[in-house]
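Here are my notes on the model you sent over. Have it open beside you while you read, and go through the points in order.

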Amino acid sequence: MTNTISREIQLVSRPKGMPTADNFTIAQTELKPLQEGQVLVRNLYISVDPYMRGRMNEGKSYVPPFKLGKALEGGAVGEVIESRAQELKPGDVVTSQYGWREYFIAAPKDLHQVNREIQPLSVYLGALGMTGMTAWVGLNLVEVKAGDVIFVSGAAGAVGNVAGQLAKLRGCHVIGSAGSGSKVKFLLEECGFDRAFDYKVGPVLEQLNRAAPDGIDVYFDNVGGETLEAALSALRVHGRIIACGGISGYNEEKPQPGPSNLFYMVTKRLTMKGLIVRDWLDRQSEFEQEVGGYFQAGKLKNKETVVAGIEGAVGAFIGLFEGKNVGKMVVKLD
């Protein structure tokens with residue numbers, strides 16, 4: 001049998017500030033023949049996510065940096081094409097961290113089998129994937145409950161829209177911020193948010209105070225910066241902050257000063273907890289049962305922005321920082 005030829009996206013230089021297409025290249029690689037206990041997978045969809053920007057920098061972090069001249073890594077959903085492992089057979093659908101490439105070889109222990117009956121399969125990168133699980137983990141992290149007033153920033157993004165929808169299902173009053181009028185409309189009309197505003201049309205704190213005149217109980221932070229500062233002002237005594245992301249600063253070449261009103265943590269007796277979703281993988285089946293049930297019952301929407309072809313992956317990734325996605329940004333491979 002002839003060896004499989006696969007195209008992949010490699011990092012060729014480390015971005016300074018906003019990434020550009022020049023930081024990446026499309027390379028062609030020849031995969032070795034399958035060994036016993038391995039499978040060959042053809043990726044159907046690959047994920048691009050804001051956290052990947054941090055892995056493009058040198059330096060120690062919670063995950064190793066991407067290596068120059070090597071394929072990038074990230075979430076993917078693919079179909080087993082050939083198998084020399086008892087656990088998986090051709091036609092099975094799996095998720096993996098072998099994104100940014102067309103084909104790959106792996107052992108079953110590095111893959112997670114999913115139900116191909118649930119469509120679209122890209123949902124396993126969105127509402128039923130790691131971004132959906134991140135939203136679910138965040139709400140559990142600070143015990144979000146019925147009656148809470150919760151503010152979600154980056155609310156039209158992959159994590160934010162699911163966090164808001166799950167909070168509504170828990171009986172919360174949900175407020176979201178997003179970066180355009182059309183995204184605000186999406187939050188209100190499709191995701192069921194109670195209030196939403198465009199952070200670009202005026203100061204965040206002023207708009208948040210209008211949306212929640214009596215304050216908020218929980219802030220789900222995907223943005224950081226000015227929005228975190230506004231939330232600290234709006235939080236009630238014993239409020240909780242879910243520290244999930246800080247996309248406003250991911251492309252800063254020098255770290256920006258933190259909120260000027262951090263002393264509210266003391267005076268309001270606030271709690272702020274950070275999360276890395278991989279720390280919760282032992283509860284993945286619990287997440288899939290609960291949130292998968294909502295999705296199959298039509299109670300949870302999986303919104304996505306789809307870009308076609310591996311050639312579009314870099315543009316899709318950069319588009320995350322330009323506000324070009326509503327919901328999860330995914331790349332559909334040919």
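**Notes on the model**

1. Let's start with a backbone detail: just after helix 2, Glu143 takes a positive phi of about 55°. Helices here (H or I, at least four residues) and strands (E, at least two) are DSSP runs, numbered from the N terminus. There is a similar spot to look at after helix 3, where Gly171 has a positive phi of about 90°.

2. Some housekeeping before going further. This is a predicted model, so local features need pLDDT of at least 70 and side-chain atom pairs count only at pLDDT 80 or more, while totals for chains, interfaces and linings use all residues. Residues are numbered from 1 along each chain as its sequence is written, and side-chain values use heavy atoms, with hydrogens and water left out.

3. How much of helix 2 is covered? Mostly all of it is: eleven of its twelve residues are buried, where buried means under 20% relative accessible area, exposed over 50% and partly exposed in between (1.4 Å probe, protein chains only). Among the buried ones are Thr131, Met133, Trp136, Leu139 and Asn140. The length checks out too: at 1.5 Å a residue, the twelve residues should span 16 Å (1.5 Å times one less than the number of residues), and the end C-alpha atoms of helix 2 are 16 Å apart, which agrees.

4. Helix 3 reads much the same way on paper, so here are its numbers. Ten of the twelve residues of helix 3 are buried, including Val159, Asn161, Gln165 and Leu166. The expected span of helix 3 is 16 Å and its end C-alpha atoms are 17 Å apart, which agrees.

5. Now the interior. A nonpolar core is a set of buried Ala, Val, Leu, Ile, Met, Phe, Trp, Tyr and Cys residues joined through side-chain atoms within 4.5 Å. The largest one has 49 residues, and Leu139, Val144, Ile150, Leu187, Phe220 and Ile242 touch the most other members. At least two residues each come from several elements, including strand 3 (39-47), helix 3 (158-169), helix 4 (181-189) and helix 8 (284-296). Helix 2 gives the most, with six residues. Apart from this core lies another, of 22 residues, among them Leu11, Val48, Leu72 and Val314.

6. What does Leu139 touch? Not counting residues up to four places away in sequence, Leu139 is in contact (heavy atoms within 4.5 Å) with Val144, Ile150, Ala163, Leu166, Ala167, Arg170, Phe220 and Ile242. Compare Leu141, which also lies in helix 2 and is buried at a relative accessible area of 15%. With the same sequence neighbours set aside, Leu141 touches Lys273, Gly274, Leu275 and Trp280.

7. Strand 11 deserves a look of its own. Six of its six residues are buried, so strand 11 is largely enclosed by the rest of the structure. Strand 8 and strand 11 run parallel, joined by three bridges (two strands pair if DSSP finds at least two bridges between them), and Ile150 has Val218 of strand 11 as its bridge partner. Strand 11 also pairs in the parallel sense with strand 12 (residues 235-243), over five bridges. Between those two, the chain passes through helix 6 (residues 225-234), and this β-α-β crossover is right-handed: with the strands pointing away from the viewer, the path from the first strand over the helix to the second runs clockwise.

8. Asp148 sits in the loop between helix 2 and strand 8. Is Asp148 buried or exposed? At 3% relative accessibility, Asp148 counts as buried. Its C-alpha atom is 5.8 Å from that of Asp217, 69 residues apart along the chain. Leaving aside neighbours within four places in sequence, Asp148 is in contact with Glu143, Cys172, His173, Asp217, Val218 and Arg240.

9. Last, the cysteines. Why are there zero disulfides? A disulfide is a pair of cysteine sulfur atoms within 2.5 Å. The sulfur of Cys172 is 15 Å from the closest cysteine sulfur, in Cys191, too far for a bond. Both residues are buried, Cys172 with a relative accessible area of 4% and Cys191 with 7%.
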